[in-house]
Amino acid sequence: VAMSDPMVESIRRSPTAFYEVFRSKECILPMIAGFLSGALASLLHYYDSTRGHHFLLQLVPDDVVFNVFVVFGSLVAGFRTAHALSRYTDAASYLHKLNAC
């Protein structure tokens, strides 16, 4: 017997719970923030390239600065994610040990 995903099973049992996640504040606020940042980036790109003002070239001095920033940000995000995952799995194992008693 193949094991199914618990998330899929919970959606099959209660489809409204799946849609409640998308209507929650924890989901809507990041989507709004992502949409607004994308709209702002599009507006800046339009103003810079199409209108011919070219002010972004003055703000970013060199490609190396951007590359170092991206590498540093990726490393920080990776290590934070790994640390959070290890803490989560430790907490889950402690809960399983607690339920075993």
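The paragraphs below walk through this predicted model, from its overall make-up to a few residues in and around helix 3.

Taken as a whole, the chain contains five helices and zero strands, and its elements, read from the N terminus, follow the order α-α-α-α-α. Of its 101 residues, 2% count as buried, while the accessible surface of the chain amounts to about 9300 Å², with 69% of that area belonging to carbon and sulfur atoms.

Before helix 3 comes a loop, which joins it to helix 2 (15–22) and in which Arg-23 lies. Arg-23 has a relative accessibility of 57% and therefore counts as exposed, since the cut-off for that class is over 50%. Even so placed, Arg-23 has partners beyond its neighbours within four places in sequence, for it is in contact with Thr-16 and Ile-28.

Ile-28 also leads into the next feature, because it belongs to a nonpolar surface patch of about 600 Å² that is made together with Leu-29, Met-31, Ile-32, Phe-35 and Leu-36. Met-31, one of these patch residues, is found in helix 3, which covers residues 25–50. With a relative accessible area of 46%, Met-31 is partly exposed. As background to reading such a patch, an α-helix has 3.6 residues a turn, so residues three or four places apart point the same way.

Helix 3 itself has 26 residues and spans 36 Å from its first C-alpha to its last, a value close to the 38 Å expected at 1.5 Å a residue. After the helix comes Gly-52, whose phi is positive, near 80°.

Two further residues, Tyr-47 and Asp-48, complete the picture. The structure holds one aromatic pair, in which the ring centres of Tyr-47 and Phe-55 are 5.7 Å apart and the planes stand at 55°, so the pair is tilted. Tyr-47 counts as partly exposed because its relative accessibility is 40%, which falls between the limits of 20% for buried and 50% for exposed.

Asp-48, which is found in helix 3, has a relative accessible area of 9% and is therefore buried, the cut-off for that class being under 20%. Once its neighbours within four places in sequence are left aside, Asp-48 is in contact with His-53, His-54, Phe-55 and Leu-56. Phe-55 thus appears twice in this account, as a contact of Asp-48 and as the ring partner of Tyr-47.

Key. Residues numbered from 1 in each chain as written. Predicted model: local features only at pLDDT ≥ 70, side-chain atom pairs only at ≥ 80, totals over all residues. Heavy atoms only, no water. Patch = residues over 30% accessible without salt bridge, like charges linked within 9 Å, V, L, I, M, F, W, Y side chains within 5 Å. Areas by Shrake-Rupley, 256 points an atom, 1.4 Å probe, with all protein chains shown as cover. Salt bridge = Lys/Arg side-chain N within 4 Å of Asp/Glu carboxyl O. Helix = DSSP H or I, 4+ residues; strand = E, 2+ residues; numbered from the N terminus. Buried < 20%, exposed > 50% of the residue type's maximum accessible area, 1.4 Å probe, protein only. Phe/Tyr/Trp six-rings, centres within 6.5 Å; stacked < 30°, edge-to-face > 60°. Contact = heavy atoms within 4.5 Å. Expected span 1.5 Å × (residues − 1).
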